[in-house]
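The following paragraphs lead the reader through one protein model, from its overall build to individual residues. Please keep the sequence and the structure in view while reading.

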Amino acid sequence: MRIGFIGLGNMGGPMALNLIKAGHTLVVHDIRENMAEPHISGGAKWADTPADVARDAELVLTSLPGPKEVEAVCLGGENGIIHGIKKGAVYADLSTNSPTVIRRLHGIFAEKGIPMLDAPVSGGVPGARNATLAVMVGGDEAVYNRIKPSLDGIGDKVTYIGAIGAGAVAKLVHNQIAICTMQVLAEAFTMGVKAGVPPQALLTAVQNGAYGQGMMLKAAMPRMIFKGNFDHVTFALKLARKDLGLATEVAREYNVPMAIASLVEQDMLEAIVHGLGDKDSAAAFTVQEDRAGVKVRG
């Protein structure tokens, strides 16, 4: 395809190079022209503005820091993508973006007859360099199927998520889990090390245990939470609360702050008060469901 690519930073630069390697013809742009040197050496052409990038492209891709940059590149002055892109082309945003912004831009492009997809990526710089990214796509499924062969040039886990904005939501869910889990690990490992266990030994223990084997995502989520199947008890809630209580007790003994663990313990106590103590420990999930007013079932 003839692809216009805007944003040649740590993620976008390697993605654009992989598209060139996959045989696509690229026109590229970045606010720092020197970032395009390896792409031009590989056969890409430079464009001075986002509008010029989009002018003859069948597919326009952006990889930018966030919502305000995406809006500026899409709509800015007379030089935005929307002023250059032609009917028959597709615009897809690879950035980690706001689903609200995505849906608003989708409406603006739709008025011009241009389909837009949100297609955020995950896998970090190594994934971008090795074309092993996960690509989470939202928008019209027929349009997704049309450009998927191009997206396969940047990632080996390209997935259709749902309607416009769904890719952005999925990426934010993923990143929230990754970021917050790091803080849970910080609490647990500082407690463990302060209580006298070497970090590498702790890491090995966690990797070898149920959590390290991926049982939360591979078993508990699809088999229990998605089905509301809390009567099939593999680890009773009352026992899980006991274990977490023992962990927070050790933390208090060694003066290790554990704010997240303490909040989780309160949720588990609330679930027990609601009569769920003999259910599977996954039943504590329902406390947040009740607060949010939604059931995670499917």
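Helices (H or I, at least four residues) and strands (E, at least two) are taken here as DSSP runs, numbered from the N terminus. On that basis the protein has 13 helices and nine strands. The model is a predicted one, in which local features need pLDDT of at least 70 and side-chain atom pairs count only at pLDDT 80 or more, while totals for chains, interfaces and linings use all residues. Residues are numbered from 1 along each chain as its sequence is written, and side-chain values use heavy atoms, with hydrogens and water left out.

Along the principal axes, the C-alpha atoms of the protein fill a box of roughly 65 × 40 × 30 Å. The protein has 298 residues, and 42% of them are buried; buried means under 20% relative accessible area, exposed over 50%, and partly exposed in between, with a 1.4 Å probe and protein chains only. The accessible surface comes to about 15,400 Å², and carbon and sulfur atoms account for 59% of this surface. These areas come from the Shrake-Rupley method with a 1.4 Å probe, and for residues only the protein chains shown count as cover. A contact means heavy atoms within 4.5 Å. Among contacts between residues at least 6 apart in sequence, 62% join residues at least 24 apart.

The second largest pocket offers a place to begin a closer inspection. On a 1 Å grid over the protein atoms alone, a pocket is an open set of points, where a 1.4 Å probe fits, with protein on both sides within 12 Å along at least five of seven lines, whereas a cavity is a set from which the probe cannot get out; lining residues have an atom within 4 Å of a point. Grid points are joined across faces, edges and corners, and a volume is the space filled by probe spheres set on the points. By this reckoning the second largest pocket holds about 480 Å³ of space. Its lining consists of 26 residues, and Gly7, Gly9, Ser63, Leu64 and Pro65 lie nearest its centre. Helix H4 (67-75) and strand E7 (121-122) each supply at least two lining residues, and H4 provides the largest share, three residues. Eleven residues of the lining are nonpolar, eleven are polar and four are charged. In this classification Ala, Val, Leu, Ile, Met, Phe, Trp, Tyr, Cys and Pro count as nonpolar, Asp, Glu, Lys and Arg as charged, and the others, Gly among them, as polar.

One of the residues nearest the pocket centre, Gly7, is also among the residues that histidine 29 touches. Histidine 29 lies in strand E2 (residues 25-29) and is buried, with a relative accessible area of 11%. Leaving aside residues up to four places away in sequence, its contacts include Phe5, Trp46, Thr49 and Val53. Aspartate 52 is 23 residues from histidine 29 along the chain, and their C-alpha atoms are separated by 9.0 Å. Threonine 49 occupies the loop between strand E3 (45-46) and helix H3 (50-54). This threonine is buried at 15% relative accessible area, and, with the same sequence neighbours excluded, touches His29 and Asn79.

How many aromatic pairs does a search of the whole structure find? There are two. Tyrosine 144 and tyrosine 160 form a tilted pair, 5.3 Å centre to centre with 40° between the planes. The pair links distant parts of the chain, with tyrosine 144 in helix H7 (residues 141-151) and tyrosine 160 in strand E9 (residues 157-162), 16 residues apart. Rings of Phe, Tyr and Trp (its six-membered ring) pair if their centres lie within 6.5 Å; planes under 30 degrees apart count as stacked, over 60 as edge-to-face and the rest as tilted. Tyrosine 144 is buried at 6% relative accessible area, whereas tyrosine 160 is partly exposed at 25%.

Two loop residues other than glycine have a positive phi: alanine 131, near 60°, and asparagine 255, near 55°. Alanine 131 lies between helix H6 (124-130) and strand E8 (134-138) and is buried at 18% relative accessibility. Asparagine 255 lies between H11 and helix H12 (259-273) and is exposed, with a relative accessible area of 63%.

Helix H11 (residues 237-253) contains valine 250, which is partly exposed at 26% relative accessible area. Beyond residues up to four places away in sequence, valine 250 touches Met191 and Ala195.
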